[in-house]
Protein chains: 2
Amino acid sequence: MRHLTHLRYIDVVAREKSIRKASEKLNITSTALNRRILALEEEVGTPLFERLPSGVRLNTAGELFIQHIRSQMTDLSRVLSQISDLSGVRRGHVIVGGGPEILSSFLPGQIAKYRQDFQAVQFDVLRQTPEQSLTALMNFETDMSFIFDSVLPSDLDIVASVSQPLFALVHKDHPLAEYKILKLQDCLAWPIISPLSEGGLKTMLEVGRLRTAANLQTVIKTDEPNFISDYIRNENAIGFAIPLSFEENTQIVKGLKSIAIDEGDVPPGIVHLVQRKGRVLSVAAAKFIDQIVQALNKRFPEATR
Amino acid sequence: MRHLTHLRYIDVVAREKSIRKASEKLNITSTALNRRILALEEEVGTPLFERLPSGVRLNTAGELFIQHIRSQMTDLSRVLSQISDLSGVRRGHVIVGGGPEILSSFLPGQIAKYRQDFQAVQFDVLRQTPEQSLTALMNFETDMSFIFDSVLPSDLDIVASVSQPLFALVHKDHPLAEYKILKLQDCLAWPIISPLSEGGLKTMLEVGRLRTAANLQTVIKTDEPNFISDYIRNENAIGFAIPLSFEENTQIVKGLKSIAIDEGDVPPGIVHLVQRKGRVLSVAAAKFIDQIVQALNKRFPEATR
DNA sequence: AGAGGATGGTGCAAAAAATGCATCACGATG
DNA sequence: CATCGTGATGCATTTTTTGCACCATCCTCT
């Protein structure tokens, strides 16, 4: 869209905090970009950027304005999506954010399933910290986000929530493999692969550690599910994950087994699917959310609300 | 605003249902306008207008699109209003619609009062039928509307409601002038000035006429409060009005008197102040609504909710 | 049936706007 | 104090937009 371009210019300048940097990104001269900004400020009647020696920064008026044009841009793409939906083909662009836990198994599966029906829909999947998730949602950079065990501000809508108990991941020949439920104390004798980044899984495990005074022997810290499963095949170590991260019936890959941790030791965490409050999503994104919610309800009937 | 102009072009074409007519209104050639529309349709990827021998008409995609750009335009003006509010001066543009009843006394007074404080705010006051009020609100043509005794669709927000009993207007020397409360039967002996257009006052009076079987002698039909008051000074006729239409303590002009009609004869009508649901108004409009609501509460303490 | 008057669409030249280059002025940084 | 990066500006060039004249089509009225 032509006039979308104009808006995008301002948006990029605000993000890059520099006219010259933004101009490179946009493949135009800094002159042209600079003039557009001056012209815009002329029209609005007020400067929107502060000029600093190191670049530019939005002032209060600019913050107001940028918020408006971001919402305009996403609104427009929503409308275009609705329009193309009229002609039968579902086009669209869905942008999903979330922590590392949700990036394996469940989400890839759901996206693949959705794309079986609607091949013209494109997905962006971003790995984000909870803080990044929140600001991205507010800045219209993502359509929805999975947020694991975090306090949610009131300007978000919670679309769905699932309770996620902690599971241990072990090799199928591991001595613990036949247990139905594992106490945290049972894990003390083996090397532990624990989560690296703050929040989510790490917090859950930390709570369990404090509750049971279990002094787990962490030998590796990582967030990568693939690394965990591969490592477990080589050493009799124990990894941790939530059900969303591994397959429902089969294990992540053959040769692994998941065993529930006693919920008395580690209380379940809650994963929320959230979107910006009041935002109307594109047809594609809305349908995808519908599918996700249905899938969550089906797989975790008692844990969803 | 430059890029607002682009949007306005489409908007006017949609309203005029003709490219040539719209081009006159916009002071450009039909060629230029036609090309813009073709270019826009190119960008969207779908025709937005149907071409008829008599002009153009929005198709479904166009309806979707026009709704979007109208909301964009009003959103933009709201943001600009917020921005100019940052610098202390309150600029803005408030557009109010309503039936003939609310155009005298109360509303002019409130606008004058508001403009004492904020001289840079401009007002448009439109006289509308209830149906026009509704469509204008939905099309973002008005910020708010007073609607008298009408069923309201659910996509409107009712900001305030006041109960308005019917009053008779007579000359101060009229034989009935000293009555405190008038039965409709008391009016039979005099010529009646009754409302012309459907809805509001006319409906109230009609209900009273049916209830009491009073066969009023209508000699003049008009909606103009000024005409009624002027006429009453010349012949001993009786006009009708609701409190919002005349001054609180003094009468409309000297020489007139207002007398309540027995509410058993004519039940009070309700005037709603409404806005489009979910719409965020400009600073100027929002403050004006605040003032109106306060004024209504003060003047009709028991009749407001 | 035919004339007249609407409508939107198109080729081409003129006008207007956006762009790019070279350069300036300013402040931070080493 | 020289250097580097920043945004702003004058001028020539390129791109886009606009206006004029004209076409094809359809409706209406004679």
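1. Around DNA strand D there are 21 residues, a residue counting as near when one of its heavy atoms lies within 4 Å of the strand, and A:I19, A:R20, A:N34, B:T29 and B:R36 come nearest. Sugar and phosphate make up 61% of the strand D atoms that come within 4 Å of the protein. By class, this surface has 7 nonpolar, 7 polar and 7 charged residues, where Ala, Val, Leu, Ile, Met, Phe, Trp, Tyr, Cys and Pro count as nonpolar, Asp, Glu, Lys and Arg as charged, and the others, Gly among them, as polar.

2. This is a predicted model, in which local features need pLDDT of at least 70 and side-chain atom pairs pLDDT 80 or more, while totals for chains, interfaces and linings use all residues. Side-chain values use heavy atoms, without hydrogens and water.

3. A polar side-chain atom of A:R20 lies 2.2 Å from a base nitrogen of DNA strand D, and for A:R35 a side-chain N or O atom is 3.2 Å from a base nitrogen. A:R51, by contrast, places a polar side-chain atom 2.7 Å from a phosphate oxygen of the strand.

4. An automatic or database assignment divides chain A into domain 1 (2-67), domain 2 (89-163 + 270-299) and domain 3 (166-267). The C-alpha centres of domain 2 and domain 3 of chain A are 26 Å apart.

5. Domains 2 and 3 of chain A bury about 1200 Å² between them, 57% of it on carbon and sulfur atoms, buried area being the accessible area (1.4 Å probe) lost on being put together, summed over both parts. A:E101, A:F148 and A:R299 supply 42% of the area that domain 2 buries against domain 3.

Definitions and conventions: Residues numbered from 1 in each chain as written. Chains lettered and ligands numbered in written order. Polar contact = N/O pair within 3.5 Å; in protein donor to acceptor, adjacent residues only side chain to side chain. Buried area = accessible area lost by both parts, 1.4 Å probe.
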